[in-house]
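Hi everyone, thanks for making time. I have one structure to walk through today, so let me put it on the screen.

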Amino acid sequence: MKADRAAHSSTQPAALLEQYLNHLAHERRMSVHTRDGYRRDIEALIELAGASLLDKLQVHDIRRFVAKLHGGGLSARSIARMLSGWRGFYRYLARDHGYADNPCLGLRAPKSPKRLPQALSPDEANQLLDLEADGDLALRDKAMFELFYSSGLRLSELTGLAPVDVNFIDGTVRVTGKGSKTRVVPVGTQATRALSAWMSVRALIAGHEDALFVNRQGGRLSRRSVQQRLTTWALKQGLSARVHPHVLRHSFASHVLQSSGDLRAVQEMLGHASISSTQVYTHLDFQHLAKVYDAAHPRAKRKS
C-alpha cells in the first residue's frame, strides 16, 4: 500500500491533470469549453503549489492560495468557481489515484461585496421618458419605457405581455413573473396614456401576433431588441449608454420606496419572493437621504 501511495505521489501534476481532463471528456461528457475552464483553474492550483506534491497539500495551504488570489484582485466569484474545480479534481484523485485527503473541503471563497443596483435619479428618468413619439415604433418605445418605469417590470415580463394583460379601466397590468407566478401591478397615468397611443397603431403592425410589443415585421419583440432600443433612446436623450432595462426597474423601486417608505408594497409590486431581495433598495434610499442630509443639515456642512 505504501509503495502504491509513493507511486501516486510521484506522478507529475501535469500528467494527473491530463488524466482528469480525459475523465471529464469520456466519463462526464463535458464540453471542450467546460474542460478548458477546469484546465485553467487546476493549472492555477499547480502553479500555486510549486514544488509541493499535490497529495501533501493541507487545508492551510489551500487557504493561503485563496488569500493570495484574493489579494491579487481575483473576484470572489472566480475564486469560488476555482475552489469548486479543485474539490472535483481532488475527488477524482481520491477515487483513481489513492489520495487520502481533500484539502479543499469546507473552504469558502471570500464574500463578494454587495453591489447596489444602478438607478436613475427622478430627473434622469423624466429626461429619458420625455421623448418625442413621432412614428409607430416611437410610440411603441415610449409605451415600453413608460411601462417599465411605471410598474417595475422585469425584461422577460415585459416581452411576455399580451394586449389582454393590460386593463385600461382599472389602470393595471397582469404580469407573469419567475416561477410562472402571476401578479397584478398598477400602471401610472403617463404609462396608460402611452400604452393607449401604442394600441391605436399596434393592430396595423401586429396582425395575428399575440404580443403587446411587436417589431416592424409584426413579430414579438425580443429582449435584445428592447435593450438596443433603450440604449438608443438613452443616448438620444443625453443619458449614458449604460442605461439598460433593469435600470428602469431599479429606478421604479428606489423612487417608490423614497416616496412611500413601504417596503412590503414594493416587494409585492416587484414580485420578489423574499423581502431580503427588496431590502437592497433601502440602501439606495439611505444614499438619497444621506445626500439630502449632507446638503441641508447645518452641522453636516463643512466649513471653508
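I'll go from the overall picture to one helix, and then to some aromatic rings.

First thing to keep in mind: this is a predicted model. The average pLDDT comes out at 81, and 79% of the residues score at least 70. So where does the pLDDT drop below 50? One such stretch is residues 284-290, and in the model that piece has nine contacts beyond its near neighbours in sequence. Residues 296-304 also stay under 50, with six contacts beyond four places in sequence. The usual caution applies: where pLDDT is low, the predicted coordinates should not be read in detail.

Okay, the overall picture. We have 14 helices and three strands here. The protein has 304 residues, and 43% of them count as buried. If you take the contacts between residues at least 6 apart in sequence, 58% of those join residues at least 24 apart. As for the surface, about 17,600 Å² is exposed, with carbon and sulfur atoms supplying 50% of that.

Now zoom in on helix α7, residues 136-151. From first C-alpha to last, its 16 residues reach 22 Å, close to the 22 Å you'd expect at 1.5 Å a residue. Is α7 mostly covered or mostly open? Mostly covered: 14 of the 16 residues are buried. Right after α7 comes G152, and its phi is positive, near 65°.

On to the rings. Searching the whole structure turns up six aromatic pairs. Let's start with Y20 and Y38: the ring centres sit 6.3 Å apart and the planes are at 85°, so we call this pair edge-to-face. Y20 is in helix α2, residues 13-26, while Y38 is in helix α3, residues 32-49, which puts the two 18 residues apart.

Y20 has another partner, Y92. Here the centres are 5.2 Å apart with 45° between the planes, and that pair is tilted. Why does this one tie together separate parts of the chain? Because Y20 lies in α2 and Y92 in helix α5, residues 76-97, the pair bridges parts 72 residues apart in sequence. And how covered is Y20? Its relative accessibility is 2%, which is under the 20% cut-off, so Y20 counts as buried. Y92 is buried as well.

Step back a little and ring pairs link Y20, Y38, F89, Y90, Y92 and Y99 into a cluster. That's what I wanted to show you; happy to rotate the view if anyone wants another look.

Notes. Residues numbered from 1 in each chain as written. Predicted model: local features only at pLDDT ≥ 70, side-chain atom pairs only at ≥ 80, totals over all residues. Heavy atoms only, no water. Helix = DSSP H or I, 4+ residues; strand = E, 2+ residues; numbered from the N terminus. Buried < 20%, exposed > 50% of the residue type's maximum accessible area, 1.4 Å probe, protein only. Contact = heavy atoms within 4.5 Å. Areas by Shrake-Rupley, 256 points an atom, 1.4 Å probe, with all protein chains shown as cover. pLDDT = per-residue confidence, 0-100. Expected span 1.5 Å × (residues − 1). Phe/Tyr/Trp six-rings, centres within 6.5 Å; stacked < 30°, edge-to-face > 60°.
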